[in-house]
Every structure is written in structure tokens, then in C-alpha cells.
Amino acid sequence: MRAAIVEAVGKVSVTTVPDPTPGPRDVVVRVAACGLCGTDLHILQGEFAPTLPIVPGHEFAGEIVGLGTDVAELALGDLVAVDPSLYCHECHYCRIGRGNLCERWNAIGVSKPGGAAEYAVAPVANCVKLPGHIDVKDAALIEPLSCAVRGYDVLRSTLGAQVLIYGSGTMGLMMLELAKHTGAAGVDVLDINAERLKTAARLGCSRSAASADELETERGWDVVIDATGNAGAIQDGLGRVAKGGTFLQFGVADYATTAVIEPYKIYNQEITITGSMAVLHSYERAAALFATGLLDPSVFISDRMSLEQYPEALQKFKAGQGRKIVVEP
């Protein structure tokens with residue numbers, strides 16, 4: 001089969017590799033679409049993936065074309081979206097229900113061969129069968145949506161909150177949609193990319209700007225979400241949180257990124273600073289929300305490219321062009 005391979009730091013190609021073989025409780029998925037994500041850029045620069053080479057791609061969906069000997073829950077021809085998370089179920093964090101913090105954390109497309117290929121193997125337990133009205137080529141959006149759902153689980157948002165989101169890429173826009181559906185009184189979006197801000201306005205944000213200085217506010221924002229991973233945005237956002245408010249680090253920053261906090265201000269104003277890591281008990285809920293039409297795939301997916309174009313797609317994503325880019329093997 002054909003697959004994209006991150007061979008070494010900064011080097012990615014598309015080549016022929018052996019077809020995958022399922023274990024007893026695995027399925028083989030013919031990939032219909034695989035989304036690109038900031039994690040893929042981190043893998044390319046030598047972060048996240050424990051070893052290289054690796055077939056990337058942790059946002060994918062497709063058709064089951066192979067079954068392990070002990071699989072009875074799904075059948076050949078079923079269309080599924082795949083939760084890439086692989087937990088050990090044995091460590092302290094798994095035992096207390098925090099599998100996303102697993103001490104032996106693995107993921108399809110990060111530490112195991114992923115969906116940037118014609119075929120991928122996944123545990124049957126990680127597959128969510130799709131209802132008939134969903135186009136399987138759109139269902140690659142379910143995985144990033146499940147990360148956004150996890151983010152809102154962490155926030156435990158209250159009704160009537162004023163929300164500020166840094167970044168109007170795919171994840172920022174998903175956080176915008178969830179904020180609207182979880183009772184926010186206002187949702188403002190910041191981005192230096194004017195084209196991306198147009199999409200945020202199209203989706204109904206309250207206000208949009210290139211800088212928070214352009215937005216009038218008496219007391220700051222109750223909830224500030226960084227969906228960029230950019231050091232400058234993070235530092236600015238930490239200073240925009242209202243008294244009693246929460247700052248959520250949702251964007252994936254480089255390992256070396258740092259920010260300065262003001263401990264007295266955090267104490268005196270009871271500010272919460274928290275993070276959200278990947279998926280936790282949120283994938284099936286994201287699939288259910290997706291099935292209701294929460295997201296319009298025609299708005300979120302800006303580019304559909306072939307698997308052979310994977311290196312070009314990655315460079316396009318790195319350049320900040322478009323919104324969600326998917327490859328379709």
C-alpha cells in the first residue's frame with residue numbers, strides 16, 4: 001500500500017509499505033480521509049513521536065475491510081471514525097480514569113502507524129460506527145472535535161461567560177462553536193490572519209480582531225483560550241483573564257515555549273490556569289455532536305488533497321494556509 005512516512009526530522013515522503021495485518025481484536029480500515037494537525041508538524045520537527053520513521057495521521061475515518069479473529073462488534077463494510085488514543089489501562093493515571101495522561105501513552109499516527117496511508121489498523125474498541133447520513137470523508141473532523149469537547153470538560157464553563165479565543169484555525173473555530181453551544185454570552189476571536197478571521201465572523205463570533213487591544217472590555221474575559229500554541233499569544237492571553245476567570249492552554253506549543261506568570265495576581269484574583277491534553281472520554285460524544293450537524297464540513301475543510309500530495313499538504317498547513325486540510329488516499 002501507499003503511505004506517507006516521516007523518515008527523519010524535517011523529511012517526509014510517500015512510498016510503498018507492506019499492507020497492515022490486524023491482531024485478534026483489531027480491524028483494518030481503508031482510509032477515506034485523514035486530517036492534518038499541529039501534532040503532525042511537531043512530529044516532523046522531532047517532537048511527540050518517540051521514534052522515527054512513522055506513518056503519521058491520527059485524524060481519520062474510513063471503511064472496515066479486514067477483521068481480527070476475535071472481532072464481532074463490527075462488520076466488513078462498516079464506516080467508522082477512529083479514536084487514535086492507546087492507553088495501557090494499568091498505570092496510576094489509567095486506573096483513576098485519566099488515560100490521556102497514561103504513563104505509557106501511545107497513539108495511532110504518533111507512536112503507531114497512522115491514517116496517512118491507504119489502510120490503517122485500529123483496535124475495534126477505538127472505532128465508532130458512523131450513521132448513514134454522514135459522509136465518511138468528512139468524519140476526519142471528529143477527532144479534533146473530540147479534543148475540543150475535552151477542552152470544554154476541563155473548563156466546566158458557566159452560563160453567560162465572556163470568552164476570548166486566540167486563533168481561528170480549525171481548533172479555534174471548534175472552540176468557538178462549542179462556546180456558542182455551552183451558553184457563552186459573547187465569544188471574541190483573535191487572529192493575525194485576516195482570511196481566517198472572516199471564517200470566525202461567518203460562524204457567528206461576537207467580535208474579531210488582530211489584537212485584544214482593538215476590543216473594548218471593562219474587566220477582561222471570564223474564559224481565555226489559547227488555540228495557537230504561540231508564545232506571544234499565550235503571554236498576552238494570560239493578562240486578559242478577568243478576576244475569577246480561567247485561562248485554558250489548548251493549543252500545542254513547542255517544548256521550549258515559555259511564558260511568565262504573576263503569582264500574586266493569580267492568588268489575589270483567583271485566576272485558574274489549566275490545560276487540556278488530547279482526548280478523554282470525549283470521542284463518542286464528539287461523534288454524536290458531529291452527527292447532529294454541529295459543524296459544517298464545507299466551512300471547516302478548506303482543502304482536500306491526494307495522499308501523494310501529503311508533503312505539499314504539510315507545507316501548506318505549516319504556512320498557515322486554509323483551515324482543515326485533509327488527504328484522501
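In this predicted model, strand β4, which covers residues 59–67, is joined to strand β5, residues 79–82, by four bridges. The two strands run antiparallel. One of the residue pairings between them involves Glu-63, whose bridge partner in β5 is Leu-79. Strand β5 also pairs with strand β9, residues 127–129; three bridges join β5 to β9, and these strands too run antiparallel. Here the bridge partner of Val-80 is Lys-129, which lies in β9. In a regular strand, the side chains alternate between the two faces of the sheet.

Strand β9 leads to the topic of cysteines, as its residue range of 127–129 includes the position of Cys-127. The structure contains zero disulfides. For Cys-127, the closest cysteine sulfur is that of Cys-34, and the distance of 14 Å is too far for a bond. Cys-127 has a relative accessible area of 11% and is therefore buried. Cys-147 is likewise in no disulfide: its nearest cysteine sulfur belongs to Cys-37 and is 7.1 Å away. Since a disulfide requires the two sulfur atoms to be within 2.5 Å, this distance does not meet the cut-off. Cys-147 counts as buried, because its relative accessibility is 14% and the limit for a buried residue is under 20%.

The position of Cys-147 falls within helix α3, which spans residues 142–155. Two packed helices are described by the angle between their axes and the distance between the axes. Helix α3 packs with helix α8, residues 283–291, at an angle of about 110 degrees, and their axes are 8 Å apart. This angle makes α3 roughly perpendicular to α8. The crossing of these two helices is right-handed.

The aromatic residues provide a further kind of contact. A pair of aromatic rings is described by the distance of the centres and the angle of the planes. The structure holds two aromatic pairs, one of which is formed by Phe-48 and Tyr-255. Their ring centres are 5.8 Å apart and their planes stand at 40 degrees, so the pair is tilted. This pair links distant parts of the chain, as its members are 207 residues apart. Phe-48 is in the loop between α1 (38–44) and β4, whereas Tyr-255 is in the loop between β14 (241–249) and α7 (263–268). Phe-48 counts as partly exposed because its relative accessibility is 29%. Tyr-255, with a relative accessible area of 57%, is exposed.

Note on methods: Residues are numbered from 1 along each chain as its sequence is written. This is a predicted model: local features need pLDDT of at least 70, side-chain atom pairs count only at pLDDT 80 or more; totals for chains, interfaces and linings use all residues. Side-chain values use heavy atoms; hydrogens and water are left out. Two strands pair if DSSP finds at least two bridges between them. Rings of Phe, Tyr and Trp (its six-membered ring) pair if their centres lie within 6.5 Å; planes under 30 degrees apart count as stacked, over 60 as edge-to-face and the rest as tilted. Buried means under 20% relative accessible area, exposed over 50%, partly exposed in between (1.4 Å probe, protein chains only). Axes are lines fitted to C-alpha atoms, for helices over the stretch in contact, and angles run from 0 to 180 degrees between N-to-C directions. Angles under 35 degrees count as roughly parallel, over 145 as roughly antiparallel, 65 to 115 as roughly perpendicular and the rest as oblique. A crossing is left-handed if the near helix is turned anticlockwise from the far one by less than a right angle, and right-handed if clockwise.
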